[in-house]
Amino acid sequence: MQGDTFFSLSDHSSWSSNEQLDLEADKTSSELDSEVSSLALGRESHESSKNATGLQWEYSKDDLTLYYNVEKQPNPVSLETIYQSIMEHREESKSESRRTQLACRKMQIQICRVAKTCSEFTTRMEEVETHISHLEDEAGSHQVTREAMEKQLEDTQWKLTDLEDRLRRNNLRVLGVPEGLKGSDTYSFMIALFKEAFPDLHQWDWDREIQRAHRFPFSKVGSNSEGGSGRPRAILISLLNYQARQAIYDRARPNSRSKAKGCKFFVRPDFCHSTVEKRWRLRQLIQPLQNKGAQAFLLNPAKLKVLMDNRTQYFTSEVKARAFMGGLSGPVSQGRVL
């Protein structure tokens, strides 16, 4: 078929757009349908002519033979009739050849469309992979930034906790003083309590050293009002000098009771809430460590000291302390030390 243009699957630049491919496919389909119709009409005409003349074509692997059917046409056939039959057969062969070429062209257009679609998918996949790669790079940088921010936040929280604990370093908590025993003046009661409980600390003028004294507004256990049942609320006192505060703390000792004004009381340091919670969690590990043969102490503000096999370990993290305890031999107890 002269003048026809076929698409090249290897030359991507020669491919048309999808719209042009659709137009080309529709055009080829129209030509193919027209050619099939023309071929059908040609075959009908050829069959009529063949029946009238008694001529028929027989195909073999290598030859094409024209036979004359004497039974259908007993009269002799002229050369003109034979020539006309040959020309009709030639036109039929050309139409058949063109139909085959059009069918191949239509198939090639479909192949080009599929190949073009695959190429577009490949390009799109490359763009997606590039985008994903950029997102992974950004995610990696964000991860580094997040870890740095978490470290900075952890450092800031530690600094704030340390600052708050340092602001409270002149404070003490007095526990165990019954509600109502002090009357209405907590400040005067605490001055009298310290003078009676610690007579050997006479060098300190408690009227001047004690700056403030008041009950906590609530208690975790028991009633938060005077005269109520349960554990009495703690009394918070603020002293002028850290040396006076430390003298009372060393004299009272946190784990022993002091007695004065007809009551027994404890003296504890005053820490911020986060430090108190951390001390409480570390204190839960003291008894289990002692059950494993180690000596454990809780240091201020929140540090666990462990003596084991002539080695000294310090822990400020409950997780690391439990990991260390898990590597020790011996029974584990969930004892609680208050």
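# Strands, helices and salt bridges in a predicted model

Student: Which residue in S7 is the bridge partner of Leu 175?

Tutor: Let's start with the strands, keeping in mind that this is a predicted model. Strand S3 covers residues 171–175 and is joined to S7 by 4 bridges, with the two strands running antiparallel. Leu 175 belongs to one of these pairings, and its bridge partner in S7 is Phe 266.

Student: And which residue stands opposite Cys 263 in S7?

Tutor: For this one, turn to strand S6, residues 258–260. S6 and S7 run antiparallel and are joined by 3 bridges. Opposite Cys 263 stands Ala 260.

Student: Which residue takes a positive phi in the hairpin of S6 and S7?

Tutor: The hairpin has 2 residues between its strands. Most residues other than glycine have a negative phi, so a positive value deserves a second look. Here the phi is near 55°, and the residue is Lys 261.

Student: How many of the 7 residues of strand S7 are buried?

Tutor: S7 spans residues 263–269. It is joined to S3 by 4 bridges and to S6 by 3 bridges. The strand is largely enclosed by the rest of the structure, because the number of its residues that are buried is 5.

Student: Now to helix H8: which of its residues are buried?

Tutor: H8 runs over residues 318–326. On one side of this helix, Val 319, Lys 320, Ala 323 and Gly 326 are exposed. The buried ones are Ala 321, Phe 324 and Met 325.

Student: Within what arc do the buried residues of H8 fall, seen down its axis?

Tutor: Take Ala 321, Phe 324 and Met 325, which are buried. Their directions fall in a limited arc, so they line one face of the helix. That arc is 100°.

Student: Which elements do the buried residues of H8 pack against?

Tutor: Follow the buried face, with Phe 324 among its residues, and look for its neighbours. One is a helix and two are strands: H7 (286–291), S9 (303–308) and S10 (311–315).

Student: What reaches to within 3.4 Å of the backbone nitrogen of Val 319?

Tutor: Look at the start of H8. Val 319 is itself one of the exposed residues of the helix. Its backbone nitrogen is approached by a side-chain oxygen of Ser 317.

Student: Which residue forms a salt bridge with Glu 318?

Tutor: Glu 318 lies in H8 and its partner in helix H6 (residues 273–283), so the pair ties together parts that are 37 residues apart in sequence. Glu 318 is partly exposed at 23% relative accessible area, and its partner is partly exposed at 34%. The closest N and O atoms are 3.4 Å apart, and the partner is Arg 281.

Student: How far apart are the closest N and O atoms of Glu 150 and Arg 146?

Tutor: Both residues sit in helix H2 (residues 79–167), and being 4 residues apart they are separated by about one helical turn. Glu 150 is partly exposed at 41% relative accessibility, as is Arg 146 at 38%. They form a salt bridge whose closest N and O atoms are apart by 2.4 Å.

Student: Which residue forms a salt bridge with Lys 151?

Tutor: Again we are in H2, with partners 4 residues apart, or about one helical turn. Lys 151 is partly exposed, with a relative accessible area of 46%. The closest N and O atoms are 3.0 Å apart, and the partner is Asp 155.

Student: How many salt bridges does the count come to?

Tutor: The pairs discussed here include Glu 150 with Arg 146 and Lys 151 with Asp 155. Counted over the model, the salt bridges come to 14.

Student: Which peptide bond is cis?

Tutor: Most peptide bonds are trans, so a cis bond is worth checking. Look in the loop between strand S8 (295–299) and S9, where Pro 301 is found. With omega near -5°, the cis bond is the one from Asn 300 to Pro 301.

Student: What is the relative accessible area of Asn 310?

Tutor: Asn 310 lies in the loop between S9 and S10, as does Asp 309. Neither is a glycine, yet Asp 309 has a positive phi of about 55° and Asn 310 one of about 60°. Asp 309 counts as exposed at 60% relative accessibility. Asn 310 is exposed too, with a relative accessible area of 87%.

Technical notes
Residues numbered from 1 in each chain as written. Predicted model: local features only at pLDDT ≥ 70, side-chain atom pairs only at ≥ 80, totals over all residues. Heavy atoms only, no water. Buried < 20%, exposed > 50% of the residue type's maximum accessible area, 1.4 Å probe, protein only. Arc of directions from axis to C-beta. Contact = heavy atoms within 4.5 Å. Polar contact = N/O pair within 3.5 Å; in protein donor to acceptor, adjacent residues only side chain to side chain. Pairing = 2+ DSSP bridges. Salt bridge = Lys/Arg side-chain N within 4 Å of Asp/Glu carboxyl O.
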